Amino acid sequence: MSHRIATGDDREIATYLEIAQYAEARHPDADTEQPPARDLIVVIDFGSQYSLLIARRIRELNVYCEVVPATMPWHEIQRLRPKGFIFSGGPASVYEPDAPMAPAEVYEAGVPILGICYGMQLLAHQLGGAVENSSFREYGHSVLHRAATIADPLLEDLPPTMPVWMSHGDHVTTPPAGFQTLAFTDNSPIAAMANDSGYYGIQFHPEVVHTPNGKQLLENFLFRVCKCEPTWTAANFVEATVAHIREQVGDGHAICALSGGVDSAVAAALVHRAIGDRLTCIFVNNGLLRKDEPERLRETFERNLHMNLIVSESTDRFLERLEGITDPETKRKTIGEEFIWVFEEEAGKLGEVDFLVQGTTYPDVIESLTADNTASAVIKTHHNVGGLPEEMRLELVEPLRYLFKDEVRAVGSELGLPEEIVWRQPFPGPGLAIRILGEVTREGLHTLREADAIVNEEIRNANLTRELWQSFAVLTASRTVGVQGDFRTYGNVIAIRAVTSEDAMTADWARLPYDLLARISSRIANEAPNVNRVVYDITSKPPGTIEWE
Ligand code: XMP
C-alpha cells in the first residue's frame with residue numbers, strides 16, 4: 001500500500017511508513033511516550049484550519065505546544081499537564097446541535113484559557129454569556145480598539161489601536177458573568193474579553209501574519225498570563241530526547257532506513273547520539289536518486305558522522321522491475337514494493353534487531369488525529385500491522401514525532417549535520433522515476449540527472465535554494481526539432497519546475513529571474529545529453545501538482 005502523506009518533506013519517508021506497516025509498532029504506552037517535562041500549552045482543536053499554525057507560533061516563542069482534538073478524553077489531556085489552554089477557531093456555531101464543546105473539566109483545571117474566534121464564542125457560551133449570529137460575516141482586515149481604562153497582561157505593550165484579522169459569522173453579544181470587555185472593532189463590540197481567572201476570548205486571529213501584533217499578544221499569554229518558561233529549544237530537545245531514546249532502546253539494536261532526506265537523517269543522527277554503534281542505517285540506492293547523492297550520503301554518514309551504514313547497491317534490481325512501466329502509480333507501487341524487499345533482505349542479515357527508527361513528524365501525527373479520531377485510535381493505526389516475518393518484529397522509535405519541519409531542521413543543525421542535508425528540499429520516495437514521463441531508462445536517467453544537477457547548481461549559486469519548496473528538472477515525453485551547431489536535431493525536452501509552498505498542499509510557480517532561467521536553459525541544452533529544448537512550467541497547484549507524474 002502506498003502512503004502519500006500530504007505534508008511536505010515527510011513524503012520522502014513514505015516508503016518507510018510502509019515498512020512500519022510491517023513492523024509491530026509496539027508504541028511505548030502513553031506515559032513513557034510523553035515528551036520530557038517542560039512547560040506546555042495545549043491547543044484544543046475545534047476544526048480550525050489554523051490550529052497547527054497556532055502551535056507553530058507558540059513553539060516559535062520557545063514554549064512547547066501540542067494540538068489535541070476536542071474529542072480527546074479529559075484524562076488524556078490532563079496527563080499533558082498544560083500551563084495554559086488555547087481553544088482554536090472552528091467552522092461550527094455554538095448553538096448547532098452537534099457543535100464541539102470544550103470538556104467541562106477544563107474550567108476547573110485552574111489554568112489560563114485563551115479562546116480564539118469560535119474558541120471565544122465557546123467560552124462565552126459554556127460560561128453563561130450570549131453568542132449571536134452577525135448580520136454579515138466579518139472576514140479580513142479590521143481595526144481593534146482597546147478599551148481605554150483597562151490594563152490587562154494580555155494586551156500589555158500593544159498599541160491602543162491595531163490591525164487584526166477576522167473571520168467569523170457569530171459573535172459574543174453578552175460576556176459571561178465576571179468578564180469585562182478589553183477591546184472592540186466596528187463590527188464586534190466585544191472583540192476581546194477577560195475575567196480574573198485568566199480566561200480570555202479574542203474574536204480575531206493572532207496566529208496569522210495579517211495580525212501584525214499577534215505575536216506580542218501570544219507572547220503575553222505565554223509569559224505574562226501562563227508564566228511559562230521559554231525552554232523549548234533545539235539544544236534542550238536534543239538532550240532530553242537522547243536520554244529518552246536511551247531509556248526506550250536500553251541495550252537493544254536499531255535500524256534506520258536513510259533516504260538522504262532531512263527527516264530520516266535527523267532521526268538517525270539523534271538515535272546515533274543516544275546509542276552509537278547499536279544503530280545501523282540502511283541506505284538503498286535504487287538508482288533513482290539525484291546526481292552524486294549516494295556518494296554524498298556515504299560521505300556524511302559513514303565518514304563524517306561515523307555511523308554504521310549499509311549501502312545496498314540495487315540500481316539493477318529497480319530498473320529491471322521498472323522496465324516497460326509507464327503508469328505513474330504502477331511506478332510508485334513497484335518501487336515501494338522493491339524497496340521493502342531490499343530493506344528486509346539487508347535487515348535480515350544483521351541478526352538481532354529490536355527497533356526501527358522512523359522520521360515521522362508532527363504534521364503526520366496530527367493529520368491522523370482528526371477531530372473524530374482520538375489519540376488512542378491513532379495509536380491503533382500504528383499497531384495495524386502484519387506481514388513482517390515473525391523474526392523481524394520491531395518497535396518504533398520516532399524521535400521527531402512532535403516536531404515541525406523547521407524544528408527538525410534546527411535539531412539537525414544542533415546535531416551538526418551539514419547544511420545541504422538540513423536544508424535539503426523535499427524529494428519524492430520514487431525519486432527521478434516520476435520525473436521521467438513514460439518508461440524509466442538508463443539513458444533517460446542520465447539525461448535527467450545532468451539537467452537536474454544544472455538546475456540546482458544554478459539555483460544554489462543564486463542563493464535561492466531555501467526560498468523554494470522544490471526545484472528540479474523533468475524529462476518530458478516530447479521530442480522536438482532543434483538546431484545545434486550545424487545540425488538539425490530531434491531531441492528531448494526538459495521542463496524546469498520551481499515552486500514556493502508552505503506545506504505542499506498548495507504551491508505557486510516561482511518567479512525565477514529571467515537571467516537565471518536563461519543560464520539554466522543554455523547550460524542544459526549544451527551539457528545534458530540529447531536535449532535541444534528547455535521549457536519553464538508556470539502552473540501553480542492547484543490546478544497542477546508539483547510533480548509531473
Ligand atoms: P504533488 O505532485 O502531489 O506533490 O503536488 C506534493 C509533494 O509530494 C511529493 N511527492 C511524493 N513523495 N512519494 C513521496 O515520497 C510520492 O509518490 C510522491 N509524489 C509526490 C512531491 O515531491 C511534493 O513535495
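Here are some worked exercises on the structure above.

The model is predicted, so to speak of local features a pLDDT of at least 70 is needed, side-chain atom pairs count only at pLDDT 80 or more, and totals for chains, interfaces and linings use all residues. Residues are numbered from 1 along each chain as its sequence is written, and side-chain values use heavy atoms, with hydrogens and water left out.

**Exercise 1: the whole chain**

Task: find how many helices and strands the protein chain has, and what share of its residues counts as buried.

Solution:
- Start with the elements: there are 17 helices and 18 strands. Helices (H or I, at least four residues) and strands (E, at least two) are DSSP runs, numbered from the N terminus.
- Next, burial: 57% of the 549 residues count as buried. Buried means under 20% relative accessible area, exposed means over 50%, and partly exposed is in between (1.4 Å probe, protein chains only).
- Now look at contacts, meaning heavy atoms within 4.5 Å. Among those between residues at least 6 apart in sequence, 77% join residues at least 24 apart.
- Finish with the accessible surface, about 23200 Å², of which 50% belongs to carbon and sulfur atoms. Areas come from the Shrake-Rupley method with a 1.4 Å probe, and for residues only the protein chains shown count as cover.

**Exercise 2: the faces of helix 17**

Task: work out which residues of helix 17 are buried and which are exposed on the other side.

Solution:
- Find residues 514-527, the 14 residues of helix 17. From first C-alpha to last, helix 17 reaches 20 Å, close to the 20 Å expected at 1.5 Å a residue. That expected span is 1.5 Å times one less than the number of residues.
- Pick out the buried residues of helix 17: Leu516, Leu517, Ile520, Arg523 and Ile524.
- Look down the axis of helix 17: the buried residues fall within an arc of 140°, so they line one face. The arc is that of the directions from the helix axis to the C-beta atoms.
- A bit of background helps here: an α-helix has 3.6 residues a turn, so residues three or four places apart point the same way.
- Flip to the other side of helix 17, where Tyr514, Asp515 and Asn526 are exposed.
- Last, check the cover over the buried residues of helix 17: it includes helix 16 (442-461), strand 16 (487-500) and strand 18 (531-536).

**Exercise 3: an open sheet**

Task: trace the strand order of the open sheet of 5 strands and name its edge strands.

Solution:
- Read the order across the sheet: 12-11-10-13-14, with parallel pairing. Two strands pair if DSSP finds at least two bridges between them.
- The edges are strand 12 (308-313) and strand 14 (395-397), each pairing on one side only.
- From one strand to the next, the twist averages 25°.
- Zoom in on strand 11 (residues 279-285), which pairs with strand 12 in the parallel sense over 6 bridges. Threonine 280 stands opposite asparagine 308 in strand 12.
- Add helix 7 (residues 234-249): it lies across strand 13 (355-357) and strand 14, running at about 170° to strand 14. Axes are lines fitted to C-alpha atoms, for helices over the stretch in contact, and angles run from 0 to 180 degrees between N-to-C directions.

**Exercise 4: two enclosed elements**

Task: decide how many residues are buried in helix 8 and in strand 2.

Solution:
- Helix 8 (residues 262-275) comes first. Here 13 of the 14 residues are buried, so helix 8 is largely enclosed by the rest of the structure.
- Step past its end to glycine 276, whose phi is positive, near 55°.
- In strand 2 (residues 64-69), 6 of the 6 residues are buried, so strand 2 too is largely enclosed by the rest of the structure.
- Sort its side chains: Tyr64, Glu66 and Val68 point one way, while Cys65, Val67 and Pro69 point the other way.
- The partner is strand 1 (residues 40-45), which runs parallel to strand 2 and is joined to it by 6 bridges. Valine 42 stands opposite glutamate 66.

**Exercise 5: backbone oddities**

Task: locate the cis peptide bonds at proline 542 and proline 543, then place aspartate 157 and histidine 306.

Solution:
- Lysine 541 and proline 542 are joined by a cis bond, with omega about -10°.
- The bond from proline 542 to proline 543 is cis as well, with omega near 10°. Proline 543 lies in the segment after strand 18.
- Aspartate 157 isn't a glycine, yet has a positive phi of about 65°. Look for aspartate 157 in the loop between strand 5 (130-146) and strand 6 (161-174); it is exposed, at 57% relative accessible area.
- Histidine 306, also not a glycine, has a positive phi of about 55°. Its place is the loop between helix 9 (293-304) and strand 12, and histidine 306 is exposed at 56%.
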